[in-house]
Amino acid sequence: MPKSENYELVLKQIKALIEDEKDLIANLSNVSSALHYTFNFHWTGFYIVKNNELVLGPFQGPVACTRIGFDKGVCGTAWKNKKPIRVDNVHLFEKHIACSALSNSEIVLPLMKNEEVWGVLDIDSTEFDAFEPVDEEYLLQIVSEVNKLL
Ligand code: SME
């Protein structure tokens, strides 16, 4: 099945999962799980801005770094730039923070409310070049649903 069809399905699933639930942690948990198990990513989860740091939130996958500073790692860079970042080869991204040696490519999308970043969605793959424009396009739609939760 093409990626876009999987994204259409998971987008519908995510909307259904979160529409009647107000609890942020419950919703972020289900969003990370729906994405993770649809695409078999290596790591799928959220970091939330708390006291000017990104702090680990709901995720699926191996244990991860708990805190990431502003402009640190791919996550802190997406926070600073207020823009998604796709990294085809994390080993060539100088600021990359390696939580897992198995990760080879990554996409990070900032969560925004009123022009401010309140967290990020971070996804890692064991494959190089795993994230294409189509991933970014659909993940932006998912992130826009997540932003409504705040
Ligand atoms: N690689 C990320 C750190 C978080 S883990 O991938 C879960 C980064 O460079 O910000």
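A nonpolar core, as I will use the term, is a set of buried Ala, Val, Leu, Ile, Met, Phe, Trp, Tyr and Cys residues joined through side-chain atoms within 4.5 Å. With that in hand, let me go through this structure, which, I should say at once, is a predicted model.

The largest nonpolar core has 27 residues, and those with the most contacts inside this core are Tyr7, Leu35, Leu139 and Ile142. The elements that contribute two or more residues to this core are the helices α1 (3-19), α2 (24-39) and α4 (133-147), together with the strands β1, β5 (105-113) and β6. If we take Leu139 and set aside residues up to four places away in sequence, we find that Leu139 touches Tyr7, Leu35, Ile107, Leu109, Leu121 and Ile123. There is also a second core, separate from the one just described, with 15 residues that include Ala64, Ile68, Ala78 and Val90.

Let me turn to the cysteines. How many disulfides does a search of the whole structure find? The search finds one, and this disulfide joins Cys65 to Cys99, with an S to S distance of 2.0 Å. The two residues lie in distant parts of the chain, 34 residues apart, with Cys65 in the loop between β2 (53-60) and β3 (67-69), and Cys99 in the loop between β4 (85-87) and β5. The angle about the S-S bond is -115°, and the link of Cys65 and Cys99 is left-handed.

Cys99 is partly exposed, with a relative accessible area of 33%, and if neighbours within four places in sequence are left aside, Cys99 is in contact with Tyr47, Val63, Ala64 and Cys65. For a sense of scale, Cys99 and Tyr37 are 62 residues apart in sequence and 20 Å apart in space, taken from C-alpha to C-alpha.

Why does Cys75 form no disulfide with Cys99? The closest cysteine sulfur to that of Cys75 is the one in Cys99, and because these sulfur atoms are 7.7 Å apart, they are too far from each other for a bond; the cut-off applied here is 2.5 Å. Cys75 itself is buried, with a relative accessible area of 3%.

Now to the empty space. The structure holds one cavity of 30 Å³ or more, and the largest cavity has a volume of about 130 Å³. This cavity is lined by 15 residues, of which Ile97, Cys99, Glu106, Asp122 and Asp124 are the closest to its centre, so that we meet Cys99 again here. Two or more lining residues come from each of β1 (43-50), α3 (73-81) and β6 (116-125), and α3 gives the most, with three residues. By class, the lining of the largest cavity divides into nine nonpolar, three polar and three charged residues.

What lines the largest pocket? The residues are Lys15, Ile18, Glu19, Glu21, Lys22, Glu145, Lys148 and Leu149, and the space in this pocket comes to about 170 Å³. Helix α1 provides the largest share of the lining of the largest pocket, three residues, and the lining has six charged, two nonpolar and no polar residues.

To close, I would keep two items in view for the discussion: the disulfide between Cys65 and Cys99, and the cavity of about 130 Å³, with Cys99 among the residues closest to its centre.

Technical notes:
Residues are numbered from 1 along each chain as its sequence is written. This is a predicted model: local features need pLDDT of at least 70, side-chain atom pairs count only at pLDDT 80 or more; totals for chains, interfaces and linings use all residues. Side-chain values use heavy atoms; hydrogens and water are left out. On a 1 Å grid over the protein atoms alone, a cavity is a set of points where a 1.4 Å probe fits but cannot get out, and a pocket is an open set with protein on both sides within 12 Å along at least five of seven lines; lining residues have an atom within 4 Å of a point. Grid points are joined across faces, edges and corners, and a volume is the space filled by probe spheres set on the points. Helices (H or I, at least four residues) and strands (E, at least two) are DSSP runs, numbered from the N terminus. Ala, Val, Leu, Ile, Met, Phe, Trp, Tyr, Cys and Pro count as nonpolar, Asp, Glu, Lys and Arg as charged, and the others, Gly among them, as polar. Buried means under 20% relative accessible area, exposed over 50%, partly exposed in between (1.4 Å probe, protein chains only). Contact means heavy atoms within 4.5 Å.
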